Every structure is written in C-alpha cells, then in structure tokens.
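Hi,

Here is the structure I promised to pass on. Have a look at it first, and then read my notes below.

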Amino acid sequence: MFDSILENVTSTLSITNLMICMLVSLILGMIIALVHMYTSKYTKNFIISLAILPALVQVVIMMVNGNLGTSVAVLGAFGLVRFRSIPGNSKEIVSVFFAMAIGLAIGMGYIVFSIGITLIISFILILLYKTNFGAQRGNEKKLKIVIPEELDYTSVFEDIMEEYTKNSMLEKVKTINMGSMYEITYNIILKNDKNEKDFLDKIRIRNGNLNVTLMHAQEGVMEL
C-alpha cells in the first residue's frame with residue numbers, strides 16, 4: 001500500500017531522494033514541534049531540538065542502510081545521548097519518540113506513510129488535549145503540614161478536615177529535622193475554594209505556625 005522511494009537503492013543514494021527526504025523531515029519536525037507547543041509547556045531549546053530530530057534520525061537511518069555493524073554503533077550512540085539528557089515529563093518523552101519514529105520512517109523512504117501518520121497522531125494529540133480525557137476528577141489538592149512531635153498526627157486536624165473538605169486522606173507521614181518534627185501529607189478536595197485561606201489559617205494555628213504547603217495534586221506526582 002505504501003511504497004518507499006528508496007526501495008531500489010543499494011549503495012548509491014541520489015541527491016534528489018536525499019533532498020526530498022530531508023525537506024519532508026524538516027516540515028514534519030516543525031509540525032510535531034508546533035503540536036507540542038500547542039499542547040504542552042515548553043522551552044525554546046526543546047522545540048528546536050524536536051523540529052530537527054526527524055531529519056537527524058532520517059540521515060542516520062540512510063547511512064546505516066542495512067549494515068549490521070553500523071546499526072550496533074548507532075544504537076550505542078543513542079544510548080549515550082540518553083545519559084547526557086535530563087529526565088523529561090511524559091509529554092516530552094512522547095514527542096521525542098514521535099519525532100524519532102517519523103525520522104525512521106522517512107529514512108526508510110516511506111514519505112506518504114510518514115505524512116499520514118504525522119497528521120493522524122497530531123490530530124489525536126490535539127483532540128485529547130482539548131477534551132477532558134485523563135483529567136483529574138474533582139479539585140483534588142495535596143496538603144503538606146509540618147507538626148511538632150508531641151501532636152498526634154492521626155487526629156490533630158480531624159475536625160478541620162471535616163469542616164472544610166469533601167474528602168481527605170492521610171497519604172504519607174515522615175520525620176524531619178532530626179526526628180523532632182513530622183511532615184504529614186493529605187490528599188484533599190475542598191468544599192469551597194473561597195474558604196482556602198480560612199482553612200490554611202486554622203491549620204497554622206493548630207500546628208504552631210510551622211510550614212503548611214497546599215498545591216495541585218499533579219505537582220506532587222513524578223511523571224514518566
């Protein structure tokens with residue numbers, strides 16, 4: 001169904017085929033970068049890298065051209081690049097893998113296939129971003145409270161939670177400051193966000209004005 005423009009290439013690669021593949025790689029890389037900019041937070045360096053990545057992968061695949069020894073060397077090079085990179089979030093990993101997959105397909109000469117897949121995946125990513133697919137239910141937040149060791153963390157805030165939250169769950173307890181204090185973490189859903197300040201003020205009075213941190217639940221979760 002999809003034919004490769006490099007199907008009959010053995011050891012010689014024409015300038016025309018190379019330029020076609022390079023141009024398509026750059027255009028599709030720009031599309032992938034624009035989709036990432038639309039659906040995610042980003043930095044300029046990451047967007048530039050994303051736009052160039054399909055062209056780089058395409059060139060590498062063309063140079064390998066069925067050579068097993070070169071393939072192993074390329075695999076090792078990609079491994080080194082991984083250890084020279086800082087960890088990214090799940091959206092960045094998806095975008096990088098998307099760009100590499102398109103570069104691989106173009107490097108093998110499947111131009112029409114690459115264009116079709118880029119348009120389809122881009123449409124799906126934008127559609128999922130615009131809908132509530134995967135959105136967290138309710139206004140769930142993460143609350144971290146530091147308390148002195150003499151307070152009973154199991155019940156010290158029970159009445160406050162009952163008054164201000166629809167749902168609260170004690171998620172984690174750990175000792176800090178050489179064991180002289182506890183840091184307790186709750187997952188909560190407030191009854192009314194307008195009462196957030198009163199809620200925090202009551203907690204500060206109860207814990208002796210030690211540190212209290214309230215954040216969106218997603219901020220406390222490690223991403224892939």
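Before the notes, one term: contact here means heavy atoms within 4.5 Å. Also keep in mind that this is a predicted model.

**Cores**

Let me start with Ile 102. Setting aside neighbours within four places in sequence, Ile 102 is in contact with Leu 28, Ile 32, Ser 114, Ile 117 and Thr 118. Ile 102 also turns up in the largest nonpolar core, which has 17 residues. Together with Ile 32, Leu 50 and Ile 106, Ile 102 touches the most other members of that core. Which elements give two or more residues to this core? They are helix H1 (15–39), helix H2 (44–64) and helix H4 (90–107). The top contributor is H2, with seven residues. Apart from this core lies another one, of 14 residues, and Ile 160, Met 161, Tyr 186 and Ile 203 are among them.

**Lys 141**

This is the residue I would click on next. Lys 141 is in strand S1 (residues 140–148). Is Lys 141 buried or exposed? Its relative accessibility is 9%, so Lys 141 counts as buried, the cut-off being under 20%. The side chain of Lys 141 has a polar contact with the side chain of Glu 196, at 2.7 Å. Leaving out residues up to four places away in sequence, Lys 141 touches Tyr 186, Asn 187, Ile 188, Leu 190, Asp 193, Glu 196, Leu 214, Met 215, His 216 and Ala 217. Tyr 186 in that list is one of the residues of the 14-residue core.

**Salt bridges**

How many salt bridges does a search of the whole structure find? The search finds seven. As background, side chains of opposite charge can pair when their charged atoms come close.

One of the bridges joins the side chains of Lys 174 and Glu 183, at 3.7 Å from N to O. The two partners fall into separate classes of exposure: Lys 174 is partly exposed, with a relative accessible area of 39%, whereas Glu 183 counts as buried at 16%.

Then there is a group in helix H7 (residues 196–206). The side chains of Lys 197 and Asp 201 meet in a salt bridge of 2.9 Å, N to O. Lys 197 and Asp 201 are four residues apart in H7, so about one helical turn separates them. Asp 201 forms a salt bridge with Arg 204 as well, and the closest N and O atoms there are 2.9 Å apart. Asp 201 and Arg 204 are three residues apart in H7, so they too are separated by about one helical turn. Because these salt bridges share partners, Lys 197, Asp 201 and Arg 204 are joined into one network. As for accessibility, Lys 197 counts as exposed at 58%, Asp 201 counts as partly exposed at 22%, and Arg 204 is partly exposed at 36%.

**Surface patch**

Last item: a nonpolar patch of about 680 Å² on the surface. The residues that make the patch are Ile 120, Ile 121, Phe 123, Ile 124, Leu 127, Leu 128 and Phe 133. Of these, Ile 120 is found in helix H5 (residues 111–130), and Ile 120 counts as partly exposed at 48% relative accessibility.

Over to you!

Conventions: Residues numbered from 1 in each chain as written. Predicted model: local features only at pLDDT ≥ 70, side-chain atom pairs only at ≥ 80, totals over all residues. Heavy atoms only, no water. Core = buried A, V, L, I, M, F, W, Y, C linked by side-chain atoms within 4.5 Å. Buried < 20%, exposed > 50% of the residue type's maximum accessible area, 1.4 Å probe, protein only. Salt bridge = Lys/Arg side-chain N within 4 Å of Asp/Glu carboxyl O. Patch = residues over 30% accessible without salt bridge, like charges linked within 9 Å, V, L, I, M, F, W, Y side chains within 5 Å. Areas by Shrake-Rupley, 256 points an atom, 1.4 Å probe, with all protein chains shown as cover. Polar contact = N/O pair within 3.5 Å; in protein donor to acceptor, adjacent residues only side chain to side chain.
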